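Trainee: I am new to this structure. Please take a close look at one part of it, and then go on from there to whatever else can be said.

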Amino acid sequence: MTELIQKLSRDRRLTTTEYETLLGNRTPVVRQELRRLADLDRRNHYGTTVYIRGAMEISTICQNNCLYCSQRRSNTACQRYRLRAREVLDIFEEGYGLGLRSFILRGGEDPFYNDQMLESMIQRLKDRFPDCALTLALGERSHESYQRLFNAGADRYLMRHEAADRQLYESLHPKQMSWDHRMHCLNVLKEIGYQVGCGFIVGLPGQTLTHLARDLTYIQEFQPHMVDVGPFVPQDGTPFAEEPPGDPQLTDDLVSIIRILCPGALITAPGEPEALVLAGANVVCWPLYPAQPCMDALSAIQRRLADIGFEGSTARGDCITTNA
Ligand code: 5AD
């Protein structure tokens, strides 16, 4: 196994079979070595800085019906809302006041947010806060739409590919959703010039180590600027409500491998950040809600990062492209 890890660290690539072998042999020694190399790569590129992004959920309304997602169209128990442009601006203003210079607007695929509406919202945000980085996470849209939003000033686009294995993807999404289209969208986003993020869920029902090895191969080929992975969390009101949650240790190990294969990437630590930051992640998303008093919460995150030897930074935090 040591040889495989050395090869990964030297060539920044393995075959799908090799990834599968590595994932199937995660002894304490292997895990520790992955952790050590990932930490080294992260330090070489980003030092001990972890970027804090202000994340706004602008809509919980979604036209899709992904089997695992609490926001799926047919979940009647999901609390639905959408923010108006004015509210988004106000929340941005508040986050900016706290020092944040990087924001994520995320939401379900909600037709209310048509191109014109988003375009004008993005222009207003970038006019008012030109020194901030703006990441969109609004799912699949047309080429024209992505181009218009980029021209309006959006810097980054995050869209998890969800599953690089077509069959697994198709088993988790209704027929109306197309694996080819999702992959096409990610390529288009990159062509347009966004800093692009992809990612997947760890521990989905039916997912095997072979599927995860394919996710790693996909990331290796696509060379994203950002990666966002997290464990499966069973959600009430979905067909997977009774399934077991994803394995957090496996998620940590995948993050370490992703750090080694994309050493300059911005890798998110969802949920409790400590373990994933120690595994190699360098981005924390911090939820911003309307009218919340948030200074204390921001200092709390910074303290937690300091406790494990990292500095939380509110700077833009652009990707250091190396082999992308
Ligand atoms: N568990 C973990 N992640 C989930 N997502 C959706 N549902 C779940 C779940 N049950 C992730 C998807 C989506 C992102 C916004 O949230 O990967 O891209």
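Mentor: The sulfur of cysteine 62 lies 6.3 Å from the closest cysteine sulfur, that of cysteine 66, which is too far for a bond. The model is a predicted one, and the distances and areas that follow are computed from it. A disulfide is a covalent bond between the sulfur atoms of two cysteines. The cut-off used here for such a pair is 2.5 Å, so the 6.3 Å between cysteine 62 and cysteine 66 does not qualify. Cysteine 62 is also buried, because its relative accessibility is 16% and the limit for that word is under 20%.

Cysteine 78 can be read in the same way. For cysteine 78 the nearest cysteine sulfur belongs to cysteine 69, at 7.8 Å, and cysteine 78 takes part in no disulfide. With a relative accessible area of 16%, cysteine 78 is buried. For the structure as a whole, the number of disulfides is zero.

Cysteine 69 leads on to the ligand, since cysteine 69 is one of the residues around it. The others are Tyr68, Arg160, Glu162, Ile201, Pro231, Phe232, Val233 and Gln235. Sorted by class, this shell has six nonpolar residues, one polar residue and two charged ones. Three distances give more detail. An oxygen atom of the ligand sits 2.5 Å from an N or O atom in the side chain of glutamate 162. A polar backbone atom of valine 233 is 2.7 Å from a nitrogen atom of the ligand, and a polar backbone atom of tyrosine 68 is 2.9 Å from a ligand nitrogen atom. The ligand taken alone would expose 410 Å², of which the protein buries 71%.

Glutamate 162 deserves a second look for its backbone. This residue lies in the loop between strand S4 (156-158) and helix H7 (166-172). Most residues other than glycine have a negative phi. Glutamate 162 is not a glycine, yet its phi is positive, at about 75°. Glutamate 162 counts as buried because its relative accessibility is 12%.

Arginine 12 also has a positive phi without being a glycine, with a value near 55°. Its place is the loop between helix H1 (2-11) and helix H2 (16-24). Arginine 12 is partly exposed, as its relative accessible area is 21%.

A further loop, between helix H10 (248-261) and strand S9 (266-268), holds glycine 264. The relative accessible area of glycine 264 is 5%, so this residue is buried. In sequence, glycine 264 and proline 224 are 40 residues apart, and their C-alpha atoms are 9.7 Å apart in space.

Among the strands, S3 (residues 133-137) is mostly covered, with five of its five residues buried. The cover is on both faces: Ala133, Thr135 and Ala137 are buried on one side, and Leu134 and Leu136 on the other. Strand S2 (residues 102-107) runs parallel to S3 and is joined to it by five bridges. Within this pairing, phenylalanine 103 stands opposite leucine 134 of S3.

To return to the starting point, cysteine 62 is buried, at 16% relative accessibility, and its sulfur is too far from that of cysteine 66 for a bond.

Technical notes: Residues numbered from 1 in each chain as written. Predicted model: local features only at pLDDT ≥ 70, side-chain atom pairs only at ≥ 80, totals over all residues. Heavy atoms only, no water. Near = heavy atom within 4 Å. Polar contact = N/O pair within 3.5 Å; in protein donor to acceptor, adjacent residues only side chain to side chain. Areas by Shrake-Rupley, 256 points an atom, 1.4 Å probe, with all protein chains shown as cover. Nonpolar A, V, L, I, M, F, W, Y, C, P; charged D, E, K, R; others polar. Buried < 20%, exposed > 50% of the residue type's maximum accessible area, 1.4 Å probe, protein only. Helix = DSSP H or I, 4+ residues; strand = E, 2+ residues; numbered from the N terminus. Pairing = 2+ DSSP bridges.
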